[in-house]
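Trainee: Got a minute to go through this one with me? I'd like to talk about charged pairs and cysteines.
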Amino acid sequence: MALALELTLDDGADAAVREIWRGLEQVGVRSLASLLDGRVEPHVSLVVSGDVEALRALGPDLAEIVRMAGPQVLALDAIGLFPGGDPVLFLAVTPTESLLRMHADVAELLRERGVAVCPEYRPGAWVPHCTVAMAMPADCCGDAVAVIRAAPLPIQARSAQLGLLDSTTGETVFL
């Protein structure tokens, strides 16, 4: 099990991503929503960690960092793919100075407290993104990209809430 510290999106951006999820489902690609029975919300993950208890315990401190940084302006403006055994299709988020600083502050707190973070979510390696599909079969890639290309990109968003998403159950605890 792992927890993701995530920023949810404002209502308009949430609806736009959910529309992409529906389009993916229509062409036979399992969207992120279907992987966790519809319990997951469109979001941008700041960090992912298997150190569940430590991340939960630091919730108030993490929430304070995000509160101090203020709502983030997010532009979901490109299509991306993390290749590998379980390819991940995503909407790339343009990194802003404010978003990168907030992410670095979160990572620093976790480092200071000895919380292990998945390497892909460390400063310098992190790619800000909003996942739309995971474990996508290679032969569906063209159809999936066509769905996203038909969407009105860029999606302009603001971060809405900070939450901890349990990647096993889909449960989100908002901080």
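Mentor: Sure. One term to start with: helices here are DSSP runs of H or I, at least four residues, numbered from the N terminus. Also keep in mind that this is a predicted model.

Trainee: OK, so where do E64 and R67 lie?

Mentor: Both are in helix α4 (residues 59-69), three residues apart, which is about one turn of the helix. Their side chains meet in a salt bridge, 2.8 Å from N to O.

Trainee: And is R67 buried or exposed?

Mentor: R67 is exposed, with a relative accessible area of 54%. E64 is partly exposed, at 35%.

Trainee: How many salt bridges does the whole structure have?

Mentor: Six turn up in a search of the whole structure. One of them joins R111 and E108, with the closest N and O atoms 2.5 Å apart. Those two are three residues apart in helix α5 (residues 97-112), so about one helical turn separates them.

Trainee: What about R22, which residue does that pair with?

Mentor: R22 pairs with E19, at 2.9 Å from N to O. Both sit in helix α1 (residues 11-26). R22 is partly exposed at 43% relative accessible area, and E19 is partly exposed at 47%.

Trainee: Switching to cysteines: how many disulfides?

Mentor: Zero. For C118, the nearest cysteine sulfur belongs to C130 and is 18 Å away. C140 is in no disulfide either: the sulfur of C141, the nearest one, is 8.9 Å away, and the cut-off is 2.5 Å.

Trainee: Is C140 buried or exposed?

Mentor: Buried, at 14% relative accessibility. C118 counts as partly exposed, at 26%.

Key:
Residues numbered from 1 in each chain as written. Predicted model: local features only at pLDDT ≥ 70, side-chain atom pairs only at ≥ 80, totals over all residues. Heavy atoms only, no water. Buried < 20%, exposed > 50% of the residue type's maximum accessible area, 1.4 Å probe, protein only. Salt bridge = Lys/Arg side-chain N within 4 Å of Asp/Glu carboxyl O.
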